[in-house]
Amino acid sequence: METQRQVVDRLGSAFRSGITIPEQFRQTQLTKLMSMIKDNEERILDALHKDLAKPKFEAVMSEVDIVINDLHHTIANFTTWMQPEYVSKNLATKLDDCSIRREPLGVVLIIGAWNYPLQLTILPMIGAIAAGNCVVIKPSDVSAVTGALIAELIPKYLSQECYAVVCGDAEETKALLQNRFDHIFYTGSQPVARTILQAAAVHLTPVTLELGGKCPCIIYGRVNIEAAARRLVWAKFFNLGQSCVAPDYVLCSPATRDALLPAIREVLEAFYGKEPQNCPDLSRIVTPRHWTRLMELLKRSSGKVVVGGESNLDDKYIAPTVVVDVAEDDALMEEEIFGPILPILTVESLEKGIDLINRRERPLALYVFSDESSVVTTVLENTRSGGFCSNDGIVHMTLPTLPFGGVGASGWGSYHGRWTFETFSHQRACMLRGWALERLNRLRYPPYSDNKLSWLRWTTSSKGSCSLM
Ligand code: NAD
């Protein structure tokens, strides 16, 4: 069996051979990737069910279709994205051919997390292929069944010279990271991101980080409470709360909380029935270890459980749970919850809510629910987050035309659609010059003089470019 080093070297040789450069090659690989997903949809859904008990409906939406839609969008557009982008010029460069070329980076490594194991490895791979890279995928060992399926299918459908899957746990990932890659695209937790950065620093490898954090949901002012409860419950308990963009906590006034609680109870029963544990539309916590972490958080909280709270370790089940009277320094506010527990914090005013958010790390997503557009605008303009969505949760990330990523501690860089292509491309600044305008060029050669300097400044100024372009 090939060692990790041999895999990386093999892909490096393929990249240097130039095989991934022609548009036709990339097109063929993307089309084969589409066939891989479509031919194996049932097996993919089965693997996701084995790993997380993902309901078919959620798995189709958030794993299969999001990948298929991004593939359609990329296949239809990447030829345009590949074209050189011509830039405006000044007088001194008027006769030159000045453009930005999108060039592949080389051999790139994609490390995925377990909560959406197909999406988080294949979605970045689409743009990496379209941009002409060779790719090593490292699926999460936690979602091992889907990881093994990806490892089986990729070599069957795609060029084995250019694309490889390496499975393994933390130790094997650390060993893999000792190899030199041209880019590392990491999705996962903030603590592991530090390990990734340390390994990348050795080779000065650029890194994209798709991390998590606590995504706030402010519910303020006049609100359609029934619709708000439906959208909040759906976004929070999709994948049983194990989404990086799930609303992590709610901020609202005491009056809104009192109206929201009965609405949430009603929606939960309408969605998942009186016995949610028997409902096939709820996933399960991925492992007993993750279940224990969540139950510990709940135990340490000083808040009051007003909805749910039931759990079963053998079934890796935790009921959709709502906790009120949660203080800002409560255990539930220490770290990303990443499970079906929703703390509700009350705030005296919108400004106090915004201030609470701004005192914490910048979140991956920020949600505001309100009928009042002034509330939405106030929150949008006075906060920072990777993405923003009003009156809904999660759905902003389903559009391949919007960049998806964090800011600050919630991540560096972005992807989806064209943004993935850009992430895996080097924007090479190219100036193709001839020998013309040598008289103008002489202005910059010694012997220097004030007169030459003032002419030179004019030919290279943006004023020169505006008046003469
Ligand atoms: P995880 O445990 O699956 O780890 C992620 C990857 O890192 C896996 O491939 C794993 O094998 C590898 N890994 C784990 N420990 C390692 C180590 N010590 N050294 C090197 N590699 C190691 O997933 P996780 O970290 O539990 O993922 C959950 C986190 O991911 C949450 O914080 C969530 O918000 C975030 N997330 C972010 C996004 C996003 O797009 N921004 C999407 C999904 C999840």
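Buried here means under 20% relative accessible area, and the model is a predicted one.

Q: What makes strand 9 count as mostly covered?
A: Check each residue against that under 20% cut-off. In strand 9, residues 247-252, six of six residues come out buried, so the label fits by definition.

Q: How do you know that strand 8 and strand 9 pair, and in which sense do they run?
A: Pairing takes at least two bridges found by DSSP. Strand 8 (residues 215-219) and strand 9 are joined by five, so they pair, and they run parallel. One contact to look up is Ile 219, whose bridge partner in strand 9 is Cys 252.

Q: Why is the crossover from strand 8 to strand 9 called β-α-β, and what is its hand?
A: The chain leaves strand 8, passes through helix 9 (residues 225-237) and arrives at strand 9. This crossover is right-handed.

Q: What makes strand 14 a partner of strand 9?
A: Again, at least two bridges are needed. Strand 9 and strand 14 (residues 341-346) have three, so they pair, in the parallel sense. Leu 251 has Leu 345 as its bridge partner in strand 14.

Q: Why is helix 5 described as largely enclosed by the rest of the structure?
A: Because twelve of its twelve residues are buried. Among them are Gln 119, Pro 124, Gly 127 and Ala 130.

Q: How do you know that the span of helix 5 is close to what is expected?
A: Helix 5 (residues 119-130) reaches 17 Å from its first C-alpha to its last, and 16 Å is expected at 1.5 Å a residue. After helix 5 comes Gly 132, with a positive phi near 95°.

Technical notes
Residues numbered from 1 in each chain as written. Predicted model: local features only at pLDDT ≥ 70, side-chain atom pairs only at ≥ 80, totals over all residues. Heavy atoms only, no water. Buried < 20%, exposed > 50% of the residue type's maximum accessible area, 1.4 Å probe, protein only. Helix = DSSP H or I, 4+ residues; strand = E, 2+ residues; numbered from the N terminus. Right-handed = clockwise from strand over helix to strand, strands pointing away. Expected span 1.5 Å × (residues − 1).
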